[in-house]
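Please open the model in your viewer and keep a selection panel at hand. The stops below are meant to be followed in order, each beginning with something to select.

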Amino acid sequence: MTITVALAAGAPPSAALAAFTKQTGIKVKWVNIDWDSLQTKISAAATAKTYFADATDVDWSRVGQLSKLGWFYPMQQFLNTNAMAADMPQIKSFTVGGDVIGIPYDASFMVTTVNKQMFGKAGIKTMPTTLNEYTSDLHKLQTSGVSAHPLDIPFAAAEGLSTYWYETTGALGGTVLDQQDKPQFTSPSSPGYKAAEWMINAIKTGLVPKGNINVTDSQGMQTLMAKGQVASVFSDYSGNVGALYNLPSSSSVVNQVEYIPTPGATGAAANWSNPDGIGIPKEAKYPKAAATFIQWFTSEQEQVDFAGVNGPAKAWATYALPSHLSAVQAMASKGNLVGGDALSAMLQTSKPVFEGGAPPWYPQFSNSVYTNLHAAAAGSETVAQAITAIANTANGLAG
Amino acid sequence: MGSPAENLMVKASSLPDETQAAPAAVSPDRRWAAGRRLIRRLQTGPQSAGTGYAAKGLPYLLVAPLAIFIVGLALVPAAFTIIESFYRVNPLDPPTRFDGIGNFHRLFANSAVLTSFGNTAIYVVAGVVLSTVLGIFFAVVLRRPFRGRGIVIAVLILPWALPGVVEGILWTGIFDPSSGLMNGVLSSLHLASHGSVLLGENRWLTIFLIELVQVWQITPLSTLLVLAAMQLMPEELFQAAAIDGCGAWRSFWRITLPLARPGIAVAIVQSLIATLNVFDQPYVLNGAATTGSSITEQTYFISFQDLDFGGGYALSLLITVITLVVSLIVVRAVYRRVDY
């Protein structure tokens, strides 16, 4: 039988897929669709109750929605997800009401990156551990002339801006929504409010380039951080140092960028998970075969191969970081992962943005977050107005 | 230049049938009769085709694939959209149920949708005016043959052939505040300071610049449509006007523009449809920001982000009705039948 796997990524090495087919008799047809189109296809196919793929993307932000809609099989029907959870901390991001909607196949989480060479030029020898120290260091970078605008915040009205705010809120010791999905950021003394103020002040005071008003997260990382235009990204992607900043073909800051523990209110803060998952739609033709594939695809051995530990022939070009903690630790100990020790420690303590799983109405909420924070950065709203608008959206949706 | 029938008669005389068998010196009456017989044959088909059911069904059979295509992919979905726009269709809020004008009511209470209506109106006005004026200008320039004309037309078509998303990405670089071409030009002309933010801060400027990108894309088709209309204009008209002392400018206003009205009307309608449905350029250049979001962006957000398909159907229906009504107004105001 042939199963269709649709993800927003190119296919893994054909030798790996051939080995899977030899081992199981299951052939894999790989379909690479951009993320936005993929989400549209998932919704359209599920609504029309038509077959689309046997295994496809499960985004952490849609887990609540997908759980309520029942569009995906609970993975515990096919796999021992309890056993997997012990070595896969980010499986929590895909769990709602006891159901595991998807299995994380990589371990993306938000992390702070700094260009140590630029920090050094500004006379900063000790890396900041609190947000106040971090802000002070950014000003030093600016006043010393090392970087006119040392910080990257992607203010384009897109998902990356919401994620940045969640990470900053978390760094200040707070959360965006509570377990009942009620907003926790309306008080000016709340971490969420302070995080929004800090971000908007950063662009108003020139810590962030003015042009970032329309820069997305990936654009900022590729054109600002990787080109030495800025010295730090507070909410960067784990894996970017090895996969972007240290690649001479796409970066002019090779070996200059490092991960640091995310500066928090009083010390290092936890990191928010932002993983990619894979699940089985209810309209799949071969759900059991798809589950077999997912088990193989997310196994520690395959992840180590995909990460390039066992040679470039087995590496998967678009792969970031294994979701198995043991795989990350093994890579770190063998020296196969840039910043491996820091990453494995952060992965161990990474937390889901929404403890009980993202609410079913998360996409609407996120839309409100990024459009209002963008408007505040553009000057058409104040921080207070933006926060009120976001809170009203959350309250209206939570009911 | 004779009547259409005379023209057809001349053409018919070159066909290898009984009309060609006529001797060289045939009287005008006989040639006229032969032409009429040919027209009748063309209208009714060859006598040998017979009058059986198979012969009668042939035209329907030939049209069937296109008819099935149109019915299946346009009419049925359109009917479905109209019906469903009056239902609450939201998988997060089951079951699907009749909701009257509930979807429309919610749309008009949604500030993001209302803002997007305003933005889209500006896109339409700016886009239609600019693309039509530029289309007429380029058509006039390209009307006369000159060396390299084919290459110029091919280059002109390029933006039309590019996907909107690709154009958006391309222009993102051009509008970049620190390294973009546009900022460099404006600052060198002392029209803006270096590093000025062009997109996202000022609503009017944002919409105008986004629409400029779309105009770059849709103007080639407007040009081709107007150019096609101009190519049909008989040269004798312009020669006669010149003999009567009509200058180039007067000739353009009094002859070219009136005779190009069928092409201009079609060009305006295509620009209208494109600008009313603008999605790629604002989405890529300005994200979901209210400073530039269009109605079709809102349709996407409502349908596929919020999963409120009923609301999405209702908004799609509104866009369709607006497109039809405005197109009809344009056609009535601009289109004139032209016979040469």
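Start in chain A of this predicted model by selecting strands E8, E9, E7 and E10, which form, in that order, an open sheet of four strands with mixed pairing. Colour the two ends of the sheet next: strand E8 (151-152) and strand E10 (257-260) of chain A stand at the edges with a single partner strand each, and therefore one side of each is left without a neighbour in the sheet. At the E8 end, follow the pairing inwards to strand E9 (residues 232-237) of chain A, which runs parallel to E8(A) and is joined to it by two bridges. To find the place, select A:Leu151 together with A:Ser232, its bridge partner in E9(A).

With this sheet still shown, add helix H7 (residues 159-171) of chain A, which packs on the sheet and touches both strand E7 (110-115) and E9 of chain A. If you draw the directions, that of H7(A) makes about 105 degrees with that of E9(A).

Keep H7(A) and select helix H15 (residues 362-378) of chain A as well, since the two helices also pack on one another, at an angle of about 90 degrees and with their axes 8 Å apart. Angles of 65 to 115 degrees count as roughly perpendicular, which is why H7(A) is described as roughly perpendicular to H15(A). For the contact itself, show A:Glu159, A:Leu161, A:Ser162 and A:Trp165 on the H7(A) side, and A:Ser366, A:Val369, A:Tyr370, A:Leu373 and A:His374 on the H15(A) side. Coloured by class, this contact of H7(A) with H15(A) has five nonpolar, three polar and one charged residues.

The next stop is the other sheet of this tour. Select E2, E1, E3, E11 and E6 of chain A, which follow one another in that order in an open sheet of five strands, again with mixed pairing. Here strand E2 (27-32) and strand E6 (103-104) of chain A take the edge positions, each having a single partner strand, so that one side of each is left without a neighbour in the sheet. Strand E1 (residues 2-7) of chain A pairs with E2(A) in the parallel sense over six bridges, and you can pick up the pairing at A:Thr2, which stands opposite A:Lys27 in E2(A).

Now step back and colour chain A by domain, with 2-107 + 275-349 as domain 1 and 110-272 + 361-398 as domain 2. The C-alpha centres of these two domains of chain A lie 28 Å apart, and the contact between them takes 14 residues from domain 1 and 14 residues from domain 2. On the domain 1 side, select helix H3 (63-69) and helix H14 (340-349) of chain A, each of which supplies at least two residues of the side that touches domain 2. H14(A) gives the most to that side, with four residues. By class, the side of domain 1 has eight nonpolar, five polar and one charged residues.

Bring in chain B to see where the chains meet, in a contact that takes 22 residues from chain B and 25 residues from chain A. Within chain B, select helix H14 (residues 295-305), the source of the largest share of the side that touches chain A, namely three residues. That side of chain B has eleven nonpolar, eight polar and three charged residues.

Finish on helix H10 (residues 235-243) of chain B, where the number buried among its nine residues is zero, so the helix lies largely in the open. Select B:Gly245, which follows H10(B) and has a positive phi, near 90 degrees.

Conventions
Residues are numbered from 1 along each chain as its sequence is written. Chains are lettered from A and ligands numbered from 1 in the order in which they are written. This is a predicted model: local features need pLDDT of at least 70, side-chain atom pairs count only at pLDDT 80 or more; totals for chains, interfaces and linings use all residues. Two strands pair if DSSP finds at least two bridges between them. Two residues are in contact if their C-beta atoms, placed from the backbone, lie within 7 Å. Axes are lines fitted to C-alpha atoms, for helices over the stretch in contact, and angles run from 0 to 180 degrees between N-to-C directions. Domain bounds come from an automatic or database domain assignment. Ala, Val, Leu, Ile, Met, Phe, Trp, Tyr, Cys and Pro count as nonpolar, Asp, Glu, Lys and Arg as charged, and the others, Gly among them, as polar. Angles under 35 degrees count as roughly parallel, over 145 as roughly antiparallel, 65 to 115 as roughly perpendicular and the rest as oblique. A residue is buried if 20 or more other C-beta atoms lie within 10 Å of its own, exposed if 12 or fewer, and partly exposed in between; C-beta atoms are placed from the backbone.
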